[in-house]
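Please take a moment with the sequence and the structure shown here, and then follow the description from the chain as a whole to a few chosen places within it.

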Amino acid sequence: MTDVSTLPGATISPRDLAVWRTLLRAQVHISRRLHQDLVSAHDLALGSYDVLQQLAEQPDGRLRMNDLADRVLLSRSGLTRLADRLQREGLLRRESCASDARGLFAVITLAGRERLQRATATHHRGVREHLIDRLDAAEMAQLRAILDKLAPDYPVALSA
């Protein structure tokens, strides 16, 4: 077995690497649980919920596809595939951008809003169960401060 902290070029201690891995495991664990809860109760994947939530939070219920991809941390092609599914289900539609012939908007439909509304209680219950209720008020404030330092000030686009 090789201790990666001793490999040439290693600059992270085993202790710090363990923190990194724990962060990744916690994020994946919480996301999987939320996904399972949403699929079993509403036949709605977590990624689909996130897309609908992002659209519903906009005053006109629409976002340019590129901006939406950045917000939900998907590649452009990944969002296109997801939007195709949501469009087939009648939860969103695409509209051309009048000012840019190549641009497209994703727009939440009434059916999308209704599905989102039904799923929100499940999503919030899961976030509370898998994160909020496991921390006291001081730990939540500390986590918020830590995440504010780590989160970028702008959405990050993933490469396709």
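**From the whole chain to single residues**

Among the contacts in the protein chain with a separation of 6 or more, 51% are accounted for by residues 24 or more positions apart. The model is a predicted one, and its protein chain has 6 helices and 3 strands, which follow the pattern α-α-β-α-α-β-β-α-α when read along the sequence. Of the 160 residues in the chain, 27% are buried, while the chain exposes about 10,800 Å², with carbon and sulfur atoms supplying 55% of that area.

A contact across the sequence can be followed at Ile-108, which lies in strand S3 (residues 100-108). Ile-108 counts as buried because its relative accessibility is 5%, under the cut-off of 20%. Although Ile-108 and Ala-56 are 52 residues apart in sequence, their C-alpha atoms are 6.6 Å apart in space. Ala-56 is one of the residues that Ile-108 touches, and others include Leu-52, Leu-55, Leu-91 and Leu-116.

A second buried place is found in helix H5 (residues 110-130), where His-123 sits. With a relative accessible area of 12%, His-123 is buried, and, leaving aside neighbours within four places in sequence, His-123 is in contact with Leu-34, Leu-38, Leu-46 and Tyr-49.

Helix H6 (residues 137-150) allows a check on length: at 1.5 Å a residue its 14 residues should span 20 Å, and the end C-alpha atoms are 20 Å apart, which agrees. At the start of H6, a side-chain oxygen of Asp-136 comes to within 3.1 Å of the backbone nitrogen of Ala-138.

Notes:
Residues are numbered from 1 along each chain as its sequence is written. This is a predicted model: local features need pLDDT of at least 70, side-chain atom pairs count only at pLDDT 80 or more; totals for chains, interfaces and linings use all residues. Side-chain values use heavy atoms; hydrogens and water are left out. Helices (H or I, at least four residues) and strands (E, at least two) are DSSP runs, numbered from the N terminus. The expected span of a helix is 1.5 Å times one less than its number of residues. A polar contact is a pair of N or O atoms within 3.5 Å; within protein, one must be able to donate a hydrogen and the other to accept it, and residues adjacent in sequence count only if both atoms are side-chain atoms. Buried means under 20% relative accessible area, exposed over 50%, partly exposed in between (1.4 Å probe, protein chains only). Contact means heavy atoms within 4.5 Å. Accessible areas come from the Shrake-Rupley method with a 1.4 Å probe; for residues, only the protein chains shown count as cover.
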